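Me: I'm new to reading protein structures, and I'd like a close look at a single part of this one. Could you walk me through it step by step?

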Amino acid sequence: MLFRAIVSVLPGVAAVLVPWLLLRQSLELTYLTWLGLVPIAFGLALFVWCVAIFAGRGRGTLAPWDPPRRFVATGPYRVVRNPMYLGVGSIIVGESVAFGSWALAVYLAVIATLWHLFVVAYEEPALDRQFGEEYRAYRSRVPRWLPNLGGGGRP
């Protein structure tokens, strides 16, 4: 149980600790601060929703070394395969806007590239091995990063 609790803080490192270390500045309240709260709130809500689904339906955590034991394709996973990463990325976008920080925008570009490489090289093959045809069918109809909200699925 302690292991699972510790794992749950890893996205906080990406979304809170690293941005704080990069910025090390106080927040001046401007209209950008308030505008930045929108993607922060969205990202936090999306992330919490995903963690709840993984714990409840999937019987696991967000960590690659303690993944859900049951395949999860509900909630935000119905429209995009990697909503947790999108949630954390949205938080970083909001912080970049709120602080007016180009450094955070560059950080997001770097970490998004690393996430993509990790997902393609490790997560997807691991899910394919673990869940087989169920995952392959899911992968063929649900996009990796950007949701297809048109309802028609991928061609």
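Reply: Happy to! Let's begin with one term: a residue counts as buried when its relative accessible area is under 20%, and as exposed when that value is over 50%. Keep in mind that this is a predicted model.

Our part is the place around Y85. With a relative accessibility of 17%, Y85 falls under the 20% cut-off, so Y85 counts as buried. In the protein chain, 38% of the 155 residues are buried.

Where does Y85 sit? Y85 belongs to helix α4, which covers residues 83–99. For orientation, the protein chain has six helices and zero strands, and reading along the sequence gives the pattern α-α-α-α-α-α.

Now look for the partner of Y85. The model has eight aromatic pairs. In one of them, Y85 and W145 meet edge-to-face, with 5.7 Å from centre to centre and 70 degrees between the planes. The angle is over 60 degrees, so the label edge-to-face applies. W145 lies in the segment after α6 (133–141) while Y85 lies in α4, so this pair ties together parts that are 60 residues apart in sequence.

That link over a long stretch of sequence fits a figure for the protein chain: among contacts between residues at least 6 apart in sequence, 69% join residues at least 24 apart.

Next, move to N82, in the loop between α3 (31–56) and α4 (83–99). N82 has 7% relative accessibility, so N82 counts as buried too. Setting aside neighbours within four places in sequence, N82 is in contact with V119, E123, R144 and W145. So W145 turns up twice in our close look, because W145 pairs with Y85 and is also a contact of N82.

Rings also come together elsewhere in the model: ring pairs link F71, F131, Y135 and Y138 into a cluster.

For contrast, turn to L114 in helix α5 (residues 102–131). Is L114 buried or exposed? At 52% relative accessibility, L114 is over the 50% cut-off and so counts as exposed. L114 is part of a nonpolar surface patch with V106, V110 and L117, and together the four have about 380 Å² of accessible area. As for the protein chain, about 9200 Å² is exposed, and carbon and sulfur atoms supply 70% of that area.

To retrace the path in the structure, start at Y85, buried at 17%, cross to its ring partner W145, and then go from W145 to its contact N82 in the loop between α3 and α4.

Methods:
Residues are numbered from 1 along each chain as its sequence is written. This is a predicted model: local features need pLDDT of at least 70, side-chain atom pairs count only at pLDDT 80 or more; totals for chains, interfaces and linings use all residues. Side-chain values use heavy atoms; hydrogens and water are left out. Helices (H or I, at least four residues) and strands (E, at least two) are DSSP runs, numbered from the N terminus. Buried means under 20% relative accessible area, exposed over 50%, partly exposed in between (1.4 Å probe, protein chains only). Contact means heavy atoms within 4.5 Å. Accessible areas come from the Shrake-Rupley method with a 1.4 Å probe; for residues, only the protein chains shown count as cover. Rings of Phe, Tyr and Trp (its six-membered ring) pair if their centres lie within 6.5 Å; planes under 30 degrees apart count as stacked, over 60 as edge-to-face and the rest as tilted. Patches are made of residues with over 30% relative accessible area and no salt bridge: like charges are joined within 9 Å, nonpolar side chains (Val, Leu, Ile, Met, Phe, Trp, Tyr) within 5 Å. A salt bridge is a side-chain nitrogen of Lys or Arg within 4 Å of a carboxyl oxygen of Asp or Glu.
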